[in-house]
Amino acid sequence: MPTTPRTPCGERPVARARRARAQDLIERLLIEGRVRITDPDDDAVAEWRRVVNYAKRHGMEPAGRRIEKVPYGGPGLERHPAEGPQPNARSQRPKAGGGLVPVPGRLANHQVRRRFF
């Protein structure tokens with residue numbers, strides 16, 4: 001029984017649709033500066049999260065910027081391009097052996113307060 005070759009993941013309908021939505025989002029962010037989603041339901045929030053994650057994973061974010069999400073008008077969302085890397089990104093973590101905090105060699109002059117509950 002002959003087998004048919006599988007469609008590559010990036011060419012499947014869900015991936016093509018998500019890529020198109022991510023490209024649309026990036027274009028809107030570059031033109032409008034921010035995209036507001038008013039009163040989204042849970043499914044819409046989940047789909048926007050997937051679209052943004054797709055854009056991030058596939059390097060679609062504008063150069064030197066990242067897509068940020070902030071609350072807008074109660075249940076709404078606002079997406080906008082922010083400058084620089086994500087603050088929690090691995091590239092922002094302290095380097096090994098650098099930036100050590102000095103600690104006094106002797107702590108005898110410091111009082112310890114005890115609380116009894």
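In this predicted model, Asp39 sits in the loop that runs between strand S1 (35-37) and helix H2 (42-57). With a relative accessible area of 61%, Asp39 is exposed. Together with Asp41, Asp42 and Asp43, Asp39 forms a negative surface patch.

The loop between H2 and strand S2 (65-72) offers a contrasting residue, Pro62. Its relative accessibility is 14%, so Pro62 counts as buried, the cut-off being under 20%. Once neighbours within four places in sequence are set aside, Pro62 is in contact with Ile26 and Leu30. For Pro62 and Leu30, a sequence separation of 32 residues goes with a C-alpha to C-alpha distance of 8.0 Å.

It helps to place these loops in the whole chain. Two helices and three strands are present, and they follow one another along the sequence as α-β-α-β-β. Of the 117 residues in the chain, 24% are buried. Among contacts with a separation of 6 or more, 51% are between residues 24 or more positions apart. The chain exposes about 9,700 Å², and 52% of this area is supplied by carbon and sulfur atoms.

Charged side chains add a further layer to the picture. Side chains of opposite charge can pair when their charged atoms come close. The count of salt bridges comes to eight. One of them joins Arg36 to Glu78, with the closest N and O atoms 2.6 Å apart. Arg36 belongs to strand S1 and Glu78 to strand S3 (residues 76-83), so this pair ties together parts that are 42 residues apart in sequence. The two partners differ in accessibility: Arg36 is partly exposed, at 45% relative accessible area, whereas Glu78, at 7%, counts as buried.

Strand S3 also takes part in a salt bridge between Arg65 and Glu83, in which the closest N and O atoms are 2.7 Å apart. Here Arg65 lies in strand S2 and Glu83 in strand S3, and the pair links distant parts of the chain, 18 residues apart. Arg65 counts as partly exposed at 32% relative accessibility, while Glu83 counts as exposed at 55%.

A further salt bridge brings together the side chains of Arg66 and Glu68, at 2.8 Å from N to O. Arg66 is buried, with a relative accessible area of 14%. Elsewhere, Arg18, Arg21, Glu47 and Arg50 are joined into one network by salt bridges that share partners.

Key: Residues are numbered from 1 along each chain as its sequence is written. This is a predicted model: local features need pLDDT of at least 70, side-chain atom pairs count only at pLDDT 80 or more; totals for chains, interfaces and linings use all residues. Side-chain values use heavy atoms; hydrogens and water are left out. Patches are made of residues with over 30% relative accessible area and no salt bridge: like charges are joined within 9 Å, nonpolar side chains (Val, Leu, Ile, Met, Phe, Trp, Tyr) within 5 Å. Accessible areas come from the Shrake-Rupley method with a 1.4 Å probe; for residues, only the protein chains shown count as cover. A salt bridge is a side-chain nitrogen of Lys or Arg within 4 Å of a carboxyl oxygen of Asp or Glu. Lys and Arg count as positive and Asp and Glu as negative; His and the chain ends are not counted. The place of a charge is taken as NZ of Lys, CZ of Arg, CG of Asp or CD of Glu. Helices (H or I, at least four residues) and strands (E, at least two) are DSSP runs, numbered from the N terminus. Buried means under 20% relative accessible area, exposed over 50%, partly exposed in between (1.4 Å probe, protein chains only). Contact means heavy atoms within 4.5 Å.
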